[in-house]
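Got your viewer open and a selection box ready? Let's take a walk through this one, stop by stop.

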Amino acid sequence: MKYLFEPQPVRTAAVLGEAAQYPVRRIFCVGRNYAEHAREMGGEVDRESPFYFTKSAEALTRSGATVPYPPGTADFHHEMELVVALGAPAFRITKEAAPGAVFGYASGLDMTRRDLQAAAKDKRRPWDTGKDFEHSAVLGPITKAEDFGVVGPQAITCAVNGVQRQAAHLADMVWSVADIISHLSTLYHLGPGDLIYTGTPAGVGAVRAGDVLEGQIEGLAPVRLVIGAAE
């Protein structure tokens, strides 16, 4: 195969205990999956079904990176999330069978240009510029599903410069991991390489150049990000 220019390499995630990498195909994100976060954003949870937005694989950045403060925003926010990594095909899968499609779980940060997202909401436009940009999907190492156990009781937290901002439990999610996979699989042919960011608890807020973000979920490797100067 000949190309006009060199294609971008496949984005990958580390897997604890494995030398092989997890190749990332697509990134799906669930909106307003914690009631308190929905309220702090001035909305309510849609309890009829989950809703989604997407990020390109190019947005993926590994934990431990230092990334520049992004262009086009003056209100850059952190959102700490449980990330699901799929390892098997899932199309119109039942809620009961959905956990069988999970390869593993990871801690993640959905970084957001909040002012651009808010402007898009006001004009009823897509959220793409607020959500899908370079370094906006930060991911810690993946823990295999069998090593993590049942999702629910684990605490999820995020601190900025050592000061805790977000704190909840995975059981607080409106839509469970099984709910999300089952519903999303009615819209897409899901499969290995697909990541699902499952939503963030209340307490999101702005970060600035020089800030250090540290997110943790009990039983998973933490996720860490340093915000550098704007380019």
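Is R224 buried, exposed or partly exposed? Before you click, keep in mind that this is a predicted model. Now select R224: its relative accessible area is 36%, so it is partly exposed. Buried would need a value under 20%, and exposed one over 50%.

**Stop 1: around R224**

R224 has its place in strand β18, which covers residues 223-228. Leaving out residues up to four places away in sequence, show what R224 touches: S63, G64, A65, V138, V212, L213 and E214. For a sense of scale, add T112. R224 and T112 are 112 residues apart in sequence, and their C-alpha atoms are 16 Å apart in space.

**Stop 2: the five-strand sheet**

Next, colour the sheet that β18 belongs to. This open sheet has five strands in the order β6-β18-β17-β13-β14, and the pairing is mixed. Go out to the edges and you find β6 (65-68) and β14 (163-169), each with a single partner strand, so one side of each has no neighbour in the sheet. Look along the sheet for the twist, which averages 20 degrees from one strand to the next.

Now select β13 (residues 155-160) and β17 (residues 212-217). The two run antiparallel and are joined by five bridges. For one of these positions, click A159: its bridge partner in β17 is E214. You have already met E214, among the residues that R224 touches.

**Stop 3: the three-strand sheet**

Move on to another open sheet, with three strands in the order β10-β7-β16 and antiparallel pairing. The edge strands here are β10 and β16 (205-206), and each pairs on one side only. Zoom in on β7 and β16, which run antiparallel and are joined by two bridges. Select H78 and look across to β16, where its bridge partner is G205.

**Stop 4: helix α2**

Which residues of α2 are buried? Select R114, Q117 and A120. They span an arc of only 125 degrees around the axis, which means they sit on the same side of α2. There is a handy rule behind such patterns: an α-helix has 3.6 residues a turn, so residues three or four places apart point the same way.

Now show what these buried residues of α2 pack against: β7 (76-78), β10 (112-113) and α3. Then step just past the end of α2 to R124, which takes a positive phi of about 55 degrees.

**Stop 5: rings and a charge**

Time to switch on the aromatic side chains. Searching the whole structure turns up seven aromatic pairs. Take F51 and W127: the ring centres are 5.9 Å apart and the planes are at 85 degrees, so this pair is edge-to-face. F51 belongs to strand β4 (residues 51-55), while W127 is in the loop between α2 (114-122) and α3 (128-131), so the pair ties together parts that are 76 residues apart in sequence.

Add F53 to the selection, and you have a cluster of F51, F53 and W127 linked by ring pairs. F51 itself counts as partly exposed, at 26% relative accessibility.

While the rings are showing, hop over to F133. The charged end of R113 sits over the F133 ring, 4.3 Å from its centre.

**Stop 6: strand β8**

Select β8 (80-86). Seven of its seven residues are buried, so β8 is largely enclosed by the rest of the structure. Both of its faces are covered: M80, L82, V84 and L86 are buried on one side, and E81, V83 and A85 on the other.

What pairs with β8? One partner is β9, antiparallel, over seven bridges; there you can find V84 opposite Y105. Another is β15, also antiparallel, over three bridges, with V83 opposite Y197.

**Stop 7: helix α5**

Finish with helix α5, residues 177-184. Seven of its eight residues are buried, so α5 is largely enclosed by the rest of the structure. Highlight the buried ones: V177, A178, D179, I180, I181, S182 and L184.

What covers them? The cover includes β3 (26-31), β4, β8, β9 (102-110) and β15 (194-197). Several strands from earlier stops turn up again here, among them β4, β8 and β15.

Notes
Residues numbered from 1 in each chain as written. Predicted model: local features only at pLDDT ≥ 70, side-chain atom pairs only at ≥ 80, totals over all residues. Heavy atoms only, no water. Phe/Tyr/Trp six-rings, centres within 6.5 Å; stacked < 30°, edge-to-face > 60°. Helix = DSSP H or I, 4+ residues; strand = E, 2+ residues; numbered from the N terminus. Buried < 20%, exposed > 50% of the residue type's maximum accessible area, 1.4 Å probe, protein only. Lys NZ or Arg CZ within 6 Å of the ring centre and 35° of its normal. Arc of directions from axis to C-beta. Contact = heavy atoms within 4.5 Å. Pairing = 2+ DSSP bridges. Axes fitted to C-alpha atoms, helices over the stretch in contact; angles between N-to-C directions.
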